[in-house]
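The following exercises concern the local environment of selected residues. Please examine the sequence and the structure before reading each solution.

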Amino acid sequence: GKAAISHARCLAYNAEKNRSLLEVTIETGRKHQIRCHLAEAGFPVIGDRLYGDAKLHDEDLQLAASSLAFLCPITNEQRLYELPSELLPEL
C-alpha cells in the first residue's frame, strides 16, 4: 500500500536467449520492489519463483546489486560500494 518508485534501463539484449541486462535504480526501498515492478511490466527476473515463472528456467534468481550508494546516518558522508566489472553478471 506504500509508494514505490523504480527506474530501469536496458544495458544489453541477447536476442538468442531473449534476455536483457538492466540497470535498475530505486528511489524507495520496498520489499521485492525491483522484482515486483519488472514482473508487472512484463519483464520478470529469471528464476523468480514469487513474481515470475521459475518453471521456464532451471536457473536460480538472476538479480544482483552492482553498486550501493547512500548517505551514512552516522558520519553524514556519501558512501559508494561497487562490484568490480569482472564480477558483473554476463548476458
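**Exercise 1.** In which loop does Asp48 lie, and what does its side chain reach? Determine also whether Asp48 is buried or exposed.

*Solution.* The model is a predicted one.
Step 1: Asp48 is located in the loop between α1 and β3 (67-71).
Step 2: the relative accessibility of Asp48 is 1%. Buried means under 20% relative accessible area, so Asp48 counts as buried.
Step 3: the Asp48 side chain reaches the backbone nitrogen of Tyr51 at 3.0 Å.
Step 4: leaving aside residues up to four places away in sequence, Asp48 touches Arg35, Asp53, Ala54 and Leu61.

**Exercise 2.** Which residues of helix α1 are buried, and what covers them?

*Solution.*
Step 1: helix α1 spans residues 33-40, and Gln33, Arg35, Cys36 and Leu38 are buried in this helix.
Step 2: the cover over the buried residues of α1 includes β1 (6-14) and β2 (19-26).
Step 3: Arg35, one of the buried residues of α1, is also among the residues that Asp48 touches.

**Exercise 3.** Asn18 and His32 are to be compared by phi, place and accessibility.

*Solution.*
Step 1: Asn18 is not a glycine, yet has a positive phi of about 55 degrees. His32, likewise a residue other than glycine, has a positive phi near 65 degrees.
Step 2: Asn18 is in the loop between β1 and β2, whereas His32 lies in the loop between β2 and α1.
Step 3: with a relative accessible area of 58%, Asn18 is exposed. His32, at 27% relative accessibility, counts as partly exposed.

Terms used: Residues are numbered from 1 along each chain as its sequence is written. This is a predicted model: local features need pLDDT of at least 70, side-chain atom pairs count only at pLDDT 80 or more; totals for chains, interfaces and linings use all residues. Side-chain values use heavy atoms; hydrogens and water are left out. Buried means under 20% relative accessible area, exposed over 50%, partly exposed in between (1.4 Å probe, protein chains only). Helices (H or I, at least four residues) and strands (E, at least two) are DSSP runs, numbered from the N terminus. Contact means heavy atoms within 4.5 Å. A polar contact is a pair of N or O atoms within 3.5 Å; within protein, one must be able to donate a hydrogen and the other to accept it, and residues adjacent in sequence count only if both atoms are side-chain atoms.
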